[in-house]
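Me: Please pick a single part of this structure and take a slow, close look at it for me. I'm new to this and would like the terms explained along the way.

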Amino acid sequence: MAELGSKGVTAGKIASNVQKKLTRAQEKVLQKLGKADETKDEQFEQCVQNFNKQLSEGTRLQKDLRTYLASVKAMHEASKKLTECLQEVYEPDWPGRDDTNKIAENNDLLWTDFHQKLVDQALLTMDTYLGQFPDIKSRIAKRGRKLVDYDSARHHFEALQTAKKKDETKIAKAEEELVKAQKVFEEMNVDLQEELPSLWNSRVGFYVNTFQSIAGLEENFHKEMSKLNQNLHDVLLGLDKQYAGNAFPVKAQPSDSTPAKANKSPSPPPDGSPITSPETKTVNHELEPSTLEAPGASIPKSPSQPAEAARAGAEAAGSEAAAGAEASKTEADSGSSSLPAVVVETFPATINGTVEGGASSERADMPPGFLFKVQAMHDYTATDTDELQLKAGDVVLVIPFENPEEQDEGWLMGVKESDWIQHKELDQCRGVFPENFTERVQ
């Protein structure tokens with residue numbers, strides 16, 4: 001079928017399209033008012049409900065799978081930063097230096113392999129599975145339109161047959177149109193009656209394969225990661241044994257509800273001799289509550305230490321703690337900089353349809369009622385004279401229907417941008433097209 005606008009449209013075709021839209025609109029009104037019967041197929045309607053449910057479930061699964069992959073990517077980056085930190089603090093003369101580097105390298109490779117296999121065995125399969133839905137959805141909508149044409153032709157033929165004054169010529173022509181409309185509808189109906197149940201049943205195998213793949217990949221990943229973690233544990237255990245005399249003491253922190261004691265019993269000297277110096281007792285009694293040892297701070301003590309020196313030591317310890325906290329905050333801030341940046345796109349302001357700075361608005365050269373632009377993501381072959389034939393990449397200017405009641409669900413009215421630029425006439429260029437074959441670009 002010739003593409004609308006590309007080779008010109010005759011007046012006869014334009015009139016035919018207008019008449020067909022008018023007839024469909026009248027038939028729908030009569031059916032809604034109950035003045036005309038409507039051909040219904042409950043089995044097919046159930047198949048359509050199953051199709052819509054299957055599409056909704058598949059779309060949600062695809063979205064959640066992409067979120068899961070993004071989380072895996074984020075965990076990979078966090079794990080990489082952590083192992084890089086270990087490599088930096090692990091001094092060259094410590095035992096197991098080469099082993100830690102190898103573990104860090106294998107850790108990175110394991111995360112990368114896990115992510116790539118999830119893409120190959122789950123996400124790409126998911127995309128292929130959902131790729132078959134747009135065409136079938138378009139054909140379901142097309143079948144609905146052809147069913148309206150068939151009912152309209154049937155009612156017209158029946159009306160001529162029951163008329164008091166019969167016109168055999170008109171009856172014969174009406175019968176011919178009825179046979180033609182019935183044939184077109186039944187061809188589409190038979191194909192969909194076979195494909196929809198088959199597609200519905202295929203969901204079981206797809207879900208099984210998808211989740212089995214994810215579960216198997218996770219199981220293998222965690223198994224290999226467990227081995228790496230065990231190797232790292234063994235390396236650090238060897239380091240701990242070599243430097244056993246420099247163990248890191250973990251001190252219990254006092255509870256907020258427990259008040260600090262003003263007088264502490266001094267610890268005995270390393271040689272075990274008792275504390276008998278009266279000066280020690282005097283110094284302890286002179287200390288004010290503010291000069292007591294803060295949790296985690298180390299204040300040097302001596303029997304002859306004056307209260308002012310102890311207070312200065314506590315203040316120094318507090319400064320060091322604050323500096324350490326600030327350094328930790330700075331390090332955390334630098335770690336967060338590895339996350340993907342969010343780019344905020346700004347647009348020039350417009351005043352009365354004119355871009356600020358003197359540029360004229362693009363809408364001035366658009367067809368009347370222009371809504372937005374879409375771009376064809378797939379080829380679409382027109383099956384009726386009122387449809388646009390699209391090639392992937394074509395840009396279409398979407399415009400409203402002259403009569404909103406004529407718009408079928410899932411269909412848009414528009415004119416290809418190239419045709420509009422060439423002809424500037426809607427009657428010769430516009431047509432309907434399936435929305436799910438396109439993507440909005442403006």
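**The second largest pocket and its neighbours**

Reply: Let's start with helix α4, which supplies ten residues to the lining of the second largest pocket, more than any other element. (Helices are DSSP runs of H or I, at least four residues, numbered from the N terminus.) Keep in mind that this is a predicted model, where local features need pLDDT of at least 70 and side-chain atom pairs need 80 or more, while totals for chains, interfaces and linings use all residues. Residues are numbered from 1 along each chain as its sequence is written, and side-chain values use heavy atoms, with hydrogens and water left out.

The pocket holds about 880 Å³ (the space filled by probe spheres set on grid points joined across faces, edges and corners). Its lining has 30 residues, and those closest to the centre are Ile-140, Ala-141, Gly-144, Arg-145 and Glu-409. Besides α4, the elements giving two or more residues are α1 and α2, the latter covering residues 42-89. (On a 1 Å grid over the protein atoms alone, a pocket is an open set with protein on both sides within 12 Å along at least five of seven lines; a cavity is a set of points where a 1.4 Å probe fits but cannot get out; lining residues have an atom within 4 Å of a point.) By class, the pocket lining divides into 13 charged, nine nonpolar and eight polar residues. (Asp, Glu, Lys and Arg are charged; Ala, Val, Leu, Ile, Met, Phe, Trp, Tyr, Cys and Pro are nonpolar; the others, including Gly, are polar.)

Staying with α4, look at Arg-139: this residue makes a salt bridge with Asp-135, and their closest N and O atoms are 3.5 Å apart. (That takes a side-chain nitrogen of Lys or Arg within 4 Å of a carboxyl oxygen of Asp or Glu.) The two residues sit four apart in α4, which runs over 133-162, so about one helical turn separates them. The whole structure has 19 salt bridges.

Now for the closed spaces: there are two cavities of 30 Å³ or more. The largest cavity encloses about 130 Å³. Arg-145, met above in the pocket, turns up in the lining of this cavity as well, along with others including Lys-21, Asp-386, Phe-401 and Trp-411. Helix α1 (residues 11-32) gives the largest share of that lining, four residues. Eight of the lining residues are charged and four nonpolar, with no polar ones.

The second largest cavity takes up about 50 Å³. Among its lining residues are Leu-110, Phe-114, Leu-217 and Asn-220. Helices α3 (97-130) and α5 each bring at least two residues, with α3 giving the most, four. This lining counts four nonpolar, two charged and one polar residue.

Those two helices are worth a look themselves. The 34 residues of α3 reach 49 Å from first C-alpha to last, close to the expected 50 Å (1.5 Å times one less than the number of residues). At Val-119, α3 bends by about 35 degrees (the angle between axes fitted to the seven residues ending there and the seven starting there). Helix α5 has 75 residues, 168-242, so at 1.5 Å a residue it should span 111 Å, and its end C-alpha atoms, 110 Å apart, agree with that. A bend of about 25 degrees falls at Arg-203 in α5.
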